[in-house]
Amino acid sequence: MATLWKRLLPPGFSPAAWGRPLGRREVSLGADPGAAVRVRFAPSPTGFLHLGGLRTALYNYIFAKKHQGRFILRLEDTDQTRLVPGAADNIEDMLEWAGISPDESPRQGGPAGPYQQSQRLQLYAQAAEALLKTGAAYRCFCSPQRLELLKKEALRNRQTPRYDNRCRDLSQGQVAQKLAKDPTPAIRFRLEEEAPAFQDLVYGWTRHEVASVEGDPVILKSDGFPTYHLACVVDDHHMGISHVLRGSEWLVSTSKHLLLYRALGWQPPRFAHLPLLLNKDGSKLSKRQGDIFLEHFAAVGFLPEALLDIITNCGSGFAENQMGRTLPELIAQFDLSRVTCHSALLELEKLPEFNRLHLRRLVSDETHRRQLVGKLQALVEEAFGSQLQNRHVLEPAYVERIILLRQGHICRLQELVSPTYSYLWTRPAVGRAQLGAISEKVDTIAKRVLGLLERSGTSLTQDVLSGELKKLSEGLEGTKYSNVMKLLRVALSGRPQGPPVAEMMMSLGPEEVRERIQSVLSS
């Protein structure tokens, strides 16, 4: 054991340093700088992908791309009783939607497949058999009823439930007798009293004496399916994983995993445990929060770029926090040594502002703008359908004009098909009485607007049009400029509030404005 510690610990290391985070300059990514970086995101398909999972996947992805490595998706589906139909496909779908597609996965395939644990049972059985042969594991014949009684007794005595290692010291004869009655018992790993220390790339040198706080863990269940502890060790070894970036809730299990690596004679990967992503009030993100699933954000129009930005902005791993980082910028700026032990507090109420920023950036790019035009056309069709009296509102040039004029004012494209903007797609029903309540000079104002359109044609800019509208109200005794604008806004949109009238007219175009004003005169 002492020899192992000397191999694991750095020169001059003192046990008093266990658990103390390293300084930023002390972090080393691995013993072999030339080794290929291979990382994995290994969720359980017991639910759809949510923000916490996205953050873990993202940190693995950007770490891999930062070091010209490979990002692997592995589905840990060994708990067959808790699988959610469609969850496996959803996880990969949402990673692709977010722009962080895996290099190897159940869908993509790859040299280390299969990438679903339920299809790798033979590997776990082989590893368990090897541990049995060396005495590092043993068969456990305890019934579920006995284990439940142990748990209840511990809780009654206000103790942490733990297995009492009853089957650890059974003789070969006793094992043979029990195997005759129960040929498929569970297999437990024999925990050693002194667990190895390890250098976590976030938390520094750490050690957890797992044998003193818990009983020997089951590594292979009686149904032939492994538990997490065996499966992740076996898979990380056979898939050539170089670095394990996972949530800090697994930090206390790492010493147990290192014992498994040692018992199997395998070299372990480097570990980096990421602090948890929490709600703003410090509470844990829960799958019962319907609004943390990526499907929800995609459905209501939030951009993947905004989600990647906000979940890295609230955490650590970068020199400074700033809004508006793109995925290439996240990869370029990421520094694992800057990840701190502090939990990341997610302020979801800021997401609309993040989305506004990224939407405006996409609008400024011609290729992305064309994609946004297509998305908005589909939203208009879905929202209004047969209500569209004039199909010209679906023409790309018209839709693009709307997006350009409203950029910076909206957070999501969906806002442009809300009731506030319905006038852009359908003509409002406005009666003369409704306009007369605003001003008695309905006809005069309408004729002046038509004259303005006749004189100007299509050459007006928004700024020029705004100035002309101010001049238009001059000479209308007893009628305020604000009432003129209110009357025109209602005539054009059917609503007393909305964008500036000049922008509304620019959006609709001179022909449509003329149609709507003339309908006022003829009503």
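## Domains

The domain assignment splits the protein chain of this predicted model into domain 1 (119-274), domain 2 (365-410) and domain 3 (432-522). If you want a feel for the layout, take the C-alpha centres of domain 1 and domain 2: they sit 57 Å apart.

## The nonpolar cores

Start with the largest nonpolar core, which has 86 residues. The members touching the most others are Leu 51, Leu 54, Ile 62, Ile 100, Leu 131, Leu 230 and Leu 327. Which helix gives the most to this core? That's helix 2, running over residues 51-66, with nine residues in the core.

Ile 62 is a handy residue to click on. Leaving aside residues up to four places away in sequence, Ile 62 touches Phe 318, Leu 327, Leu 330, Ile 331 and Phe 334. Apart from this largest core lies another one, made of 55 residues. Val 363, Ile 445, Leu 487 and Leu 488 are among its members.

## A cavity inside

Now for the empty space. Rolling a probe the size of a water molecule over the atoms shows where such space is left. How many cavities of 30 Å³ or more does the structure hold? Just one, and the volume of the largest cavity comes to about 60 Å³.

Around the largest cavity you'll find Gln 389, Asn 390, His 392, Val 393, Leu 424, Trp 425, Thr 426, Arg 427, Glu 512 and Arg 516. That lining is a mix: three residues are nonpolar, four are polar and three are charged.

Definitions and conventions
Residues numbered from 1 in each chain as written. Predicted model: local features only at pLDDT ≥ 70, side-chain atom pairs only at ≥ 80, totals over all residues. Heavy atoms only, no water. Core = buried A, V, L, I, M, F, W, Y, C linked by side-chain atoms within 4.5 Å. Buried < 20%, exposed > 50% of the residue type's maximum accessible area, 1.4 Å probe, protein only. Helix = DSSP H or I, 4+ residues; strand = E, 2+ residues; numbered from the N terminus. Contact = heavy atoms within 4.5 Å. 1 Å grid on protein atoms, 1.4 Å probe; cavity = no way out; pocket = protein on both sides within 12 Å on 5 of 7 lines; lining within 4 Å. Points joined across faces, edges and corners; volume = space filled by probe spheres on them. Nonpolar A, V, L, I, M, F, W, Y, C, P; charged D, E, K, R; others polar. Domains from an automatic or database assignment.
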